[in-house]
Amino acid sequence: MDNSELSTVILNETLLMKEHVRNNPDKIAELLNDNFIEFTSSGKQYNYSFGDTFGASNSTIEMEDESVKTIVLNDETVLLLYVAIKKNLDGSCNRSRRSSVWNKINGKWKLVFHQGTNIEG
């Protein structure tokens, strides 16, 4: 797998952090697999349904660039690991370890699984 494929996966992950994408059901449908599952940092399980959005947020989320690691599992599957920084409107920040599994389906990268785990301290 070449670097452009891995760059696309990272770009798609960062798009899912943007509010204009998170609130657009068509954009979300382009990026999430129909069977997408997420284990949230609060321990809840979320199963995607077509038309879902992630709603308005009182924070912004960024990927900590130096933490990004891609692991190619096969020609059509990539595990993406990174630390996310969630910046809240009150000025506080939360960090979490994130893992995402992306599959190439019909020529397009789709997110099939995501998990976030809060980092204390």
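R95 is partly exposed, with a relative accessible area of 35%. In this predicted model, R95 forms a salt bridge with E64, and their closest N and O atoms are 3.2 Å apart. The pair links distant parts of the chain, since R95 sits in strand β6 and E64 in the loop between β3 and β4, 31 residues apart. E64 counts as buried, at 15% relative accessibility. The points below cover the salt bridges, a buried acid without a partner, the largest pocket, and several single residues.

**Salt bridges**

- The count of salt bridges comes to three.
- One of them joins the side chains of E5 and K104, at 2.8 Å from N to O.
- E5 belongs to helix α1 and K104 to strand β6, so this pair ties together parts that are 99 residues apart in sequence.
- K104 has a relative accessible area of 24% and is therefore partly exposed.
- Another salt bridge is formed by the side chains of E62 and K87, with an N to O distance of 3.4 Å.
- Because E62 lies in strand β3 and K87 in strand β5, the pair ties together parts that are 25 residues apart in sequence.
- Both ends of this bridge are partly exposed: E62 has a relative accessible area of 38%, and K87 has one of 34%.

**E13, a buried acid**

- E13 is located in helix α1, which spans residues 3–15.
- What is the nearest side chain of opposite charge to E13, and how far away is it? That side chain is R98, at 5.8 Å.
- E13 is buried yet has no salt bridge, because a salt bridge needs a side-chain nitrogen of Lys or Arg within 4 Å of a carboxyl oxygen.
- Leaving out residues up to four places away in sequence, E13 touches M63, L80, Y82, S100, W102, L111 and H114.

**N12, beside E13 in the sequence**

- N12 also has its place in helix α1.
- With a relative accessibility of 10%, N12 counts as buried.
- Apart from neighbours within four places in sequence, N12 is in contact with L31, W102 and W109.
- W102 is thus among the contacts of N12 and among those of E13.

**The largest pocket**

- The volume of the largest pocket is about 710 Å³.
- Which residues of its lining are closest to the centre? Of the 31 lining residues, these are R22, E38, I61, K86 and R98.
- R98 is also the residue named above as the nearest side chain of opposite charge to E13.
- At least two lining residues come from each of the elements α2 (19–22), β1 (32–39), β3 (59–63), β5 (77–88), β6 (93–105) and β7 (108–119).
- Sorted by class, the lining holds eleven nonpolar, twelve polar and eight charged residues.

**Backbone at N106**

- N106 is part of the loop between β6 and β7.
- Most residues other than glycine have a negative phi.
- N106 has a positive phi of about 50 degrees, although it is not a glycine.
- At 79% relative accessibility, N106 counts as exposed, because the cut-off for exposed is over 50%.

**I71 in strand β4**

- I71 has its place in strand β4.
- I71 counts as partly exposed, at 28% relative accessibility.
- Residues up to four places away in sequence aside, I71 touches T77, V78, L79 and L81.
- I71 and Y48 are 23 residues apart in sequence, and their C-alpha atoms are 24 Å apart in space.

**D2, ahead of helix α1**

- D2 is found in the segment before α1.
- Its relative accessibility is 44%, so D2 counts as partly exposed.
- D2 and D75 are 73 residues apart in sequence, with a C-alpha to C-alpha distance of 10.0 Å.

How values were computed. Residues are numbered from 1 along each chain as its sequence is written. This is a predicted model: local features need pLDDT of at least 70, side-chain atom pairs count only at pLDDT 80 or more; totals for chains, interfaces and linings use all residues. Side-chain values use heavy atoms; hydrogens and water are left out. On a 1 Å grid over the protein atoms alone, a cavity is a set of points where a 1.4 Å probe fits but cannot get out, and a pocket is an open set with protein on both sides within 12 Å along at least five of seven lines; lining residues have an atom within 4 Å of a point. Grid points are joined across faces, edges and corners, and a volume is the space filled by probe spheres set on the points. Helices (H or I, at least four residues) and strands (E, at least two) are DSSP runs, numbered from the N terminus. Ala, Val, Leu, Ile, Met, Phe, Trp, Tyr, Cys and Pro count as nonpolar, Asp, Glu, Lys and Arg as charged, and the others, Gly among them, as polar. Buried means under 20% relative accessible area, exposed over 50%, partly exposed in between (1.4 Å probe, protein chains only). Lys and Arg count as positive and Asp and Glu as negative; His and the chain ends are not counted. Contact means heavy atoms within 4.5 Å.
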